[in-house]
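Got the model open in your viewer? Here is a short tour of its salt bridges, one selection at a time.

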Amino acid sequence: MFTKEMLRKQMLERRKSISATEVSRASAAITARLFTLTEYQDAKTILIYAPFRNEVDTKAIIEHALENNKMVGVPKTYEKGSMEFYSVF
């Protein structure tokens, strides 16, 4: 049986193995799809992460949201598992 920590480590290793080209391609596809969603278009506020360790790049989403006068929040996590959101300007 996998523990949460084992699974997290395995997923991190998988993500590290993805090429920059694949990450870029996936980021572009996810961004394009998001922009077509009514939920995104109608949103006044979005909560999104800043990419870390080969994650999908969210920079274009953040920039688009700000250009379209949406409030953007990104999380900051703390050791004990708590999280706070901060506005991006």
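Start by selecting Arg 15, which is partly exposed at 24% relative accessibility (buried means under 20% relative accessible area, exposed over 50%, partly exposed in between, with a 1.4 Å probe and protein chains only). You're looking at a predicted model, where local features need pLDDT of at least 70 and side-chain atom pairs count only at pLDDT 80 or more, while totals for chains, interfaces and linings use all residues. Residues are numbered from 1 along each chain as its sequence is written, and side-chain values use heavy atoms, leaving out hydrogens and water.

Now add Glu 55: Arg 15 makes a salt bridge with Glu 55, with 3.5 Å between the closest N and O atoms. (A salt bridge here is a side-chain nitrogen of Lys or Arg within 4 Å of a carboxyl oxygen of Asp or Glu.) Arg 15 sits in helix H1 and Glu 55 in the loop between strand S1 (45–47) and helix H4 (59–67), so this pair ties together parts that are 40 residues apart in sequence. Helices (H or I, at least four residues) and strands (E, at least two) are DSSP runs, numbered from the N terminus. Glu 55 is partly exposed too, at 23%.

Next, pick Lys 16 and Glu 13, whose side chains form a salt bridge at 3.5 Å, N to O. They are three residues apart in helix H1 (residues 4–16), about one helical turn.

Last stop: Lys 59 and Glu 63, a salt bridge at 3.9 Å, N to O. Both lie in helix H4, four residues apart. Lys 59 is exposed at 52%, whereas Glu 63 is partly exposed at 39%.

How many salt bridges does the rule give? Three.
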